[in-house]
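Here is a short report on one protein chain. Keep the sequence and the 3D view open while reading.

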Amino acid sequence: TECVSGCVCPEGLFDDGRGGCVEEKDCPCTHNNQWYSSGDKITVDCNTCTCQKGVWSCTDYMCYGTCMIYGSGHYITFDGKFYDFDGNCEYVAIQDFCGDKNSSGSFSIITENVPCGTTGVTCSKAIKMFLGKTELKLENKEYKEIQRDVGDDVLYWNRTVGLYLVIEASNGVMLIWDKKTTVFIKLSPDYKGKVCGLCGNFDDKSNNDFTTRSGLQETNALKFGNSWKQSPMCPDVTQEIKPCDMKPHRKSWAEKECSIIQSEVFKICHSKVDPIPFYEACVHDACSCDSGGDCECFCSAVAAYAQECTKAEACVFWRTPDICPIFCDYYN
């Protein structure tokens with residue numbers, strides 16, 4: 001009986017969210033705040049998703065999980081929990097000797113953390129990888145193999161890929177090291193829910209990643225981290241270190257340098273990977289590395305974000321002759 005203002009699609013057509021009307025078969029899908037037309041494909045981890053009538057239809061492969069340890073005490077667990085822990089000791093990054101004391105496992109990876117800078121923050125200096133009876137020690141840009149008397153034979157092979165040393169084992173464990181302070185640990189899906197350590201338990205739930213060595217759920221990152229130290233002689237970490245408060249004169253430099261993460265350079269990645277935690281970690285590192293190596297700390301922090309972007313299919317070319325250059329000819 002009266003006019004009602006507004007826009008309506010003709011019968012049989014649907015609003016496509018972009019100001020047009022389409023048939024049901026042409027309805028678009030959204031992912032990370034972006035619109036995709038019907039028939040478009042995207043990759044999520046190791047699965048491919050296709051947009052069909054406004055709904056994503058995805059393959060159901062089990063994907064490798066990745067844990068990242070980088071810079072001065074930053075951890076991203078297999079289930080995506082981001083936290084900081086600055087301990088000066090050797091810690092279990094990940095192992096499959098969990099729960100039962102007599103449980104047999106096939107591997108463990110230990111990170112040795114040492115102070116980097118005078119503020120008290122720590123960086124990973126060396127990695128020990130135990131595969132059956134083989135121990136690999138990665139330190140000073142190279143690795144050495146030590147054969148032990150106990151354990152099974154686990155085959156492994158190594159290769160260099162660009163900046164990284166990659167060690168891949170036949171039991172589904174892969175370690176990628178940038179020969180500095182960044183380590184990626186990749187595990188096959190067979191290990192889901194069967195591992196423990198600073199990298200969490202890989203069960204697709206991030207809220208229970210802070211499981212201590214004794215199997216208790218912790219909310220405090222420091223208590224959780226302390227439980228995974230290898231030697232009881234090491235002191236416990238009792239407080240979170242805030243290097244920018246201790247070195248306020250470095251703060252503005254750190255914020256200026258790290259702003260690249262939130263700048264136009266990484267714009268295509270912002271909707272796919274939240275830049276805030278990586279920016280905060282970058283400022284933390286740039287403030288803390290005050291006894292040389294500050295550029296290396298800054299570059300590692302930006303590279304960590306760039307790596308996550310690449311994983312999310314947002315490839316960013318951020319290195320320039322002035323910002324963290326890499327001499328490709330040398331690495332080729």
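Which residues does L187 touch, leaving out those up to four places away in sequence? L187 touches Y64, G65, F78, I94, F107, G172, V173, V195 and F202. The model is predicted.

## Overall build

The protein chain holds 7 helices and 19 strands. Its C-alpha trace spans about 85 × 50 × 45 Å along the principal axes. Of its 332 residues, 45% count as buried.

Sequence separation is another way to view the chain. Take the contacts between residues at least 6 apart in sequence: 48% of them join residues at least 24 apart.

## Nonpolar cores

L187 belongs to the largest nonpolar core, which has 44 residues. I94, F107, I109, I185 and L187 have the most contacts inside this core. Two of the residues that L187 touches, I94 and F107, are thus on that list.

Another core lies apart from it, with 35 residues. Among them are Y70, C287, A306 and W318.

## The seven-stranded sheet

An open sheet of 7 strands runs in the order β10-β9-β8-β19-β18-β17-β16. The pairing is antiparallel. β10 (82–84) and β16 (156–161) stand at the edges. Each has a single partner strand, so one side of each is left without a neighbour in the sheet. On average, neighbouring strands of this sheet are turned by 15° against each other, direction ignored.

Inside this sheet, β17 (residues 164–169) and β18 (residues 173–177) pair in the antiparallel sense over 4 bridges. I167 stands opposite L175 in β18.

## The five-stranded sheet

A further open sheet has 5 strands, in the order β11-β12-β13-β14-β15. Here too the pairing is antiparallel. Which strands stand at the edges? They are β11 (90–95) and β15 (142–147). Each has a single partner strand, so one side of each lacks a neighbour in the sheet. Neighbouring strands of this sheet are turned by 25° against each other on average, direction ignored.

β12 (residues 107–115) and β13 (residues 122–131) run antiparallel and are joined by 9 bridges. P115 has T122 as its bridge partner in β13.

## Hairpins from β5 to β7

β5 and β6 (residues 47–52) run antiparallel, joined by 4 bridges. V44 has N47 as its bridge partner in β6. This hairpin has 2 residues between the strands, and D45 takes a positive phi near 55°.

β6 then pairs with β7 (residues 55–58), in the antiparallel sense over 4 bridges. Q52 stands opposite V55 in β7. The hairpin of β6 and β7 has 2 residues between the strands. There, K53 takes a positive phi near 50°.

## The largest pocket

About 1,000 Å³ of space lies in the largest pocket. Its lining counts 35 residues. V44, D45, E308, K311 and A312 lie nearest the centre. D45 is also the residue with a positive phi in the hairpin of β5 and β6.

Four elements give two or more residues to the lining: β5 (41–44), β8 (65–70), α5 (276–288) and α6 (294–311). Which of them gives the most? β8 does, with 4 residues. β8 is also a strand of the sheet that runs from β10 to β16.

## Two loop residues

Y64 is found in the loop between β7 and β8. Is Y64 buried, partly exposed or exposed? At 43% relative accessibility, Y64 counts as partly exposed. Leaving out residues up to four places away in sequence, Y64 touches G172, K186, L187, S188, P189 and F202. The C-alpha atoms of Y64 and G87 are separated by 28 Å, and these residues are 23 residues apart along the chain.

N201 is found in the loop between β19 (183–187) and α1 (221–227). N201 counts as buried because its relative accessibility is 13%, and buried means under 20%. Its contacts, not counting residues up to four places away in sequence, are D79, K192, G193, K194, V195, N208, D209 and T211. V195 is also touched by L187.

Definitions and conventions: Residues are numbered from 1 along each chain as its sequence is written. This is a predicted model: local features need pLDDT of at least 70, side-chain atom pairs count only at pLDDT 80 or more; totals for chains, interfaces and linings use all residues. Side-chain values use heavy atoms; hydrogens and water are left out. Two strands pair if DSSP finds at least two bridges between them. Axes are lines fitted to C-alpha atoms, for helices over the stretch in contact, and angles run from 0 to 180 degrees between N-to-C directions. A nonpolar core is a set of buried Ala, Val, Leu, Ile, Met, Phe, Trp, Tyr and Cys residues joined through side-chain atoms within 4.5 Å. Buried means under 20% relative accessible area, exposed over 50%, partly exposed in between (1.4 Å probe, protein chains only). Contact means heavy atoms within 4.5 Å. On a 1 Å grid over the protein atoms alone, a cavity is a set of points where a 1.4 Å probe fits but cannot get out, and a pocket is an open set with protein on both sides within 12 Å along at least five of seven lines; lining residues have an atom within 4 Å of a point. Grid points are joined across faces, edges and corners, and a volume is the space filled by probe spheres set on the points.
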